[in-house]
Amino acid sequence: MVNLEWYRTFKAVYKNGNFSVAAKELFMSQPAVSQQISMLEAHVGNKLFNRKSKGVEPTEYAKLLNNLIIDALERLENVETSFRNKAEDANRLISIGISQHLFSCIGNLLISKFDLIDFTFASNDELFALVDAKKLDFAIVTKGYETFDTMYEIVGKIKLIMVAPTSLDITDFRQKLKADNYTEIEQWLNEQKWYSHDARIPHIKVFWLHAFNKKRPSMVPNYIIPSESEMLKLLAKNEGVAVTWNCNARKLISENKLQLLWNSFHVPEEFVYLLTAKNNNANSFFEIIAKELKLFFGNRL
C-alpha cells in the first residue's frame with residue numbers, strides 16, 4: 001500500500017539533497033528519514049539516492065519519480081493545508097457586536113453557522129468604537145463607517161413596516177390607505193394601542209417622518225418592551241400595532257400570528273453593514289460572514 005508520508009519524505013530529500021536538512025524540515029529524526037526512503041525504494045523497486053561526501057544526489061529513476069508525483073503531491077498538500085486552516089478557524093472564538101433588535105433578526109443564522117461567538121449588544125456608534133479599538137472582531141450595524149483603520153461591506157437591506165395581530169380587523173384601515181386619506185389614516189392609528197421596544201420610539205418616529213412628514217407622532221406607546229422579538233410575540237397574542245423591521249416580523253407573519261398592516265413606499269430601506277478593523281487577525285471570517293448575511297437578506301423584502 002502506498003504511504004503518503006514516504007512521498008513527503010522523498011520530496012524533502014530530493015529538494016534539499018540532504019537527509020539531515022530534510023529531517024529538520026519534517027520534524028523527524030535522520031534515521032526515520034533514512035528508513036522511510038528505504039521503504040519507498042523497496043516499494044518502487046529502484047534505488048532513489050546515491051550518497052555523496054555532503055548529502056545525496058537523486059538517481060535517474062528518482063528524477064523520473066519526482067516529475068510524476070510532484071504536481072499531485074503539492075495539490076494534495078494544498079488541500080490538506082486549506083482543510084487544516086478551516087478546521088482551526090471553526091474552533092476560533094470570534095466576537096460580534098450587534099444591536100439587540102437586529103440580533104432578533106439574524107441571531108439564529110449566526111449561531112447556526114459558527115460554533116464559537118461572543119456577542120455584544122450596543123448601539124451603532126458604540127459598536128463602531130469597539131471595532132475601531134480592536135475590542136471587537138466584527139460589528140453588524142445599520143450605519144456606514146468609512147475610516148482609515150476600518151472597512152465595511154453592505155450585506156443586506158431592511159425596512160420598517162407596521163404590523164398588527166391577525167385578530168385585529170383592518171378593513172377600515174385598508175380603505176383609508178386605498179383612498180390616500182392620510183388624515184384619517186393617522187387618526188385611526190392614534191386610536192390603537194401601541195407597542196415599542198424603546199421609550200424614545202425611534203422606529204415609530206422614522207416611520208411617521210417619511211409616511212406623514214411629521215417629526216413626532218402624537219400618540220404615546222402603551223407598552224414599552226425592551227426586546228423587539230418579545231414585543232412582537234406579545235403583540236401577536238394581544239391587541240395593538242407596532243413598527244418593526246420586516247426581517248423581525250417575517251416569521252410571525254408567515255405563521256399567521258401577525259399581519260402586515262402597512263408597508264409604506266415612502267419609508268426607505270436601510271442598509272445593513274458588516275464592519276471590521278483592517279489587519280484584524282480574524283479577517284479570514286469576514287468574507288464568510290458577509291456571504292452568509294447576503295444569502296440571508298438576498299431573497300428578503
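Helix axes here are lines fitted to C-alpha atoms over the stretch in contact, and the angles between their N-to-C directions run from 0 to 180 degrees. With that in hand, here are some close-ups of this predicted model.

**View 1. Helix 5 meets helix 12.** Let's start with helix 5 (residues 100-113) and helix 12 (residues 286-298), whose axes sit 11 Å apart and make an angle of about 135°. That angle is why the two helices count as oblique to each other. Their crossing is right-handed. On the helix 5 side, look for C105, I106, L109, L110 and K113; helix 12 brings I289, E292, L293, F296 and F297 to the contact. Sort those residues by class and you get 8 nonpolar and 2 charged, with no polar ones.

**View 2. Helix 8 alongside helix 9.** Next up are helix 8 (residues 182-190) and helix 9 (residues 202-212), with axes that come within 12 Å and cross at roughly 160°. Angles over 145 degrees count as roughly antiparallel, so helix 8 is roughly antiparallel to helix 9. This crossing is right-handed. Helix 8 touches its partner through Y182, I185, E186, L189 and N190, while W208, A211 and F212 do the job for helix 9. The tally for this contact is 6 nonpolar, 1 polar and 1 charged.

**View 3. Strand 11 and its two partners, strand 5 and strand 6****.** Now for some strands. Strand 11 (residues 269-277) pairs with strand 5 (residues 138-141) in the antiparallel sense, and 4 bridges link them. To find your way, pick out A139, whose bridge partner in strand 11 is L275. Strand 6 (residues 150-165) also runs antiparallel to strand 11, this time with 9 bridges. A handy landmark here is G156, which stands opposite V272 of strand 11. While you trace the chain, keep in mind that side chains in a regular strand alternate between the two faces of the sheet.

**View 4. Helix 11 and its surroundings.** Which residues of helix 11 (residues 246-254) are buried? They are N246, C247, N248, A249 and L252. And what do these buried residues pack against? Their neighbours are helix 5, strand 6, helix 10 (228-237), strand 9 (241-245) and strand 10 (258-262). You've already met two of these: helix 5 in the first view, where it packs with helix 12, and strand 6 in the third, where it is joined to strand 11.

**View 5. Just past helix 11.** Follow the chain beyond helix 11 and you come to N256. The phi of N256 is positive, near 60°.

How values were computed: Residues are numbered from 1 along each chain as its sequence is written. This is a predicted model: local features need pLDDT of at least 70, side-chain atom pairs count only at pLDDT 80 or more; totals for chains, interfaces and linings use all residues. Side-chain values use heavy atoms; hydrogens and water are left out. Two strands pair if DSSP finds at least two bridges between them. Angles under 35 degrees count as roughly parallel, over 145 as roughly antiparallel, 65 to 115 as roughly perpendicular and the rest as oblique. A crossing is left-handed if the near helix is turned anticlockwise from the far one by less than a right angle, and right-handed if clockwise. Contact means heavy atoms within 4.5 Å. Ala, Val, Leu, Ile, Met, Phe, Trp, Tyr, Cys and Pro count as nonpolar, Asp, Glu, Lys and Arg as charged, and the others, Gly among them, as polar. Buried means under 20% relative accessible area, exposed over 50%, partly exposed in between (1.4 Å probe, protein chains only).
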